[in-house]
Amino acid sequence: MTQRRIVFLVYPGFQVLDLTGPHEVFGQAGGYAVEVVASGEGAVRASHGVEVVPTGTVQRCGGPLDTLVVVGGPGYREAADDAVLIGWLRHAAGRARRVASVCTGAFPLARAGLLDGRRAVTHWAYCEPLAREYPEVTVAPDHIFVRDGDVWTSAGVTAGMDMALAMVEEDHGSEVSRTIARRLVMFVQRPGGQAQFSTQLAAQRPTREPLRELQAWVADHLADDLTIRVLAERAGMSERNFTRVFRAETGRTPAAYVETVRVEAARALLETTDITVDAIARACGFGAAETLHRRFKHTLGVTPSQYRQHFSTVR
């Protein structure tokens, strides 16, 4: 069987796990010839001092490719400003069946014009700069990886392994990808729509004590009426002032905050219990399973049942 040629592009200051994680997934799968290339000869130093000796240089990396992967890391700015490297990347992409990036590797791809008119993602901390610097790219910040045609992009570090598993599943089937996930002690491949981080991490911490107390109260009363009127009364404010202050201090509206906390609670119940989706919908304040289904599809890109299939710890 002809092996599929996978080429990883590294540069000074790359993040070593962005390379080794997906590299290991392809290596475990078999059927791939994996190469690592850089712009020059000799070892390339990663962001924390580990040195990697590439298989070769970009100048000598000719011929057709199956998959071209640009890794991320603190050196992504310099890589994106390297005209020779970007020129090679643009040319090599035309010889590849699919092109991908891990983490901030999306920036060199964007600089090469390979993300123009496409949906893409990068590490959550860099989604806003990517969208601002490359307005022709539609950034999807709540995804761990995005596939748009033959271009794949992934969020930070371990998300690159999820993306690689999805590629292996496309190439060799779900049983092979599940076997690799078990072997690497990973959850079965997370769907690309899985959010990058939790509501509590995403939301800014309020400075006002009444709002901090309200957030704790909301988490314990998800099945209750959590309209703005109720929340404002609980916080001792008028509805108008409460809405303004809450958004200023948390970065989101009260309604958006309540919904994302409810989704997060539903995620936890789907992962750790075997109670029905209907019961979870009621417990988390969605009322009906259909409403929970719609919110999951909108927020995470998967249904509650699909999420449970991937993440349940109940056996």
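This is a short dialogue on reading a few features of a predicted model.

Me: Let's start with the sheet. In what order do the strands of the open sheet of 7 strands lie?

Reply: Happy to help! The order is β5-β2-β1-β6-β7-β11-β10, and the pairing is mixed.

Me: Which strands are the edge strands?

Reply: Look for strands that pair on one side only: here these are β5 (56–57) and β10 (145–148). Take β10 as your example: β10 pairs with β11 (residues 151–154) in the antiparallel sense, over 4 bridges. Within that pair, R147 stands opposite W152 of β11.

Me: Now the helices. Which strands does α3 lie across?

Reply: Helix α3 lies across β1, β2, β6 and β7, and runs at about 145° to β6. Helix α1 (residues 16–29) lies across β1, β2 and β7, at about 160° to β2.

Me: Which residues of α3 are buried?

Reply: In α3 (residues 83–93), the buried ones are L85, I86, W88, L89, A92 and A93.

Me: Why do the buried residues of α3 line one face of the helix?

Reply: Start with the general idea: an α-helix has 3.6 residues a turn, so residues three or four places apart point the same way. In α3, the buried residues fall within an arc of 160° when you look down the axis, so they line one face. The face turned away from that buried side carries the exposed residues A83, V84 and H91. As for the cover over the buried residues, it includes β1, β2 (32–38), β6 (65–70), α2 (76–80), β7 (96–102) and α4 (106–111).

Me: What caps the N-terminal end of α3?

Reply: That is D82, with a side-chain oxygen 3.1 Å from the backbone nitrogen of V84.

Me: Is R5 buried or exposed?

Reply: Check the relative accessible area against the cut-off: buried means under 20%. R5 has 18%, so it is buried. R5 sits in strand β1 (residues 4–9), and its side chain makes a polar contact with the side chain of E35 at 2.7 Å. Beyond its neighbours within four places in sequence, R5 is in contact with several residues, among them A33, C61, L65 and T67.

Me: And where is T253 found?

Reply: T253 is in the loop between α11 (239–250) and α12 (254–272). T253 is partly exposed, with a relative accessible area of 25%. Leaving aside neighbours within four places in sequence, T253 is in contact with F246 and R247. A polar atom of the T253 side chain also lies 3.1 Å from the backbone nitrogen of A256.

Notes: Residues are numbered from 1 along each chain as its sequence is written. This is a predicted model: local features need pLDDT of at least 70, side-chain atom pairs count only at pLDDT 80 or more; totals for chains, interfaces and linings use all residues. Side-chain values use heavy atoms; hydrogens and water are left out. Helices (H or I, at least four residues) and strands (E, at least two) are DSSP runs, numbered from the N terminus. Buried means under 20% relative accessible area, exposed over 50%, partly exposed in between (1.4 Å probe, protein chains only). Contact means heavy atoms within 4.5 Å. A polar contact is a pair of N or O atoms within 3.5 Å; within protein, one must be able to donate a hydrogen and the other to accept it, and residues adjacent in sequence count only if both atoms are side-chain atoms. The arc is that of the directions from the helix axis to the C-beta atoms. Two strands pair if DSSP finds at least two bridges between them. Axes are lines fitted to C-alpha atoms, for helices over the stretch in contact, and angles run from 0 to 180 degrees between N-to-C directions.
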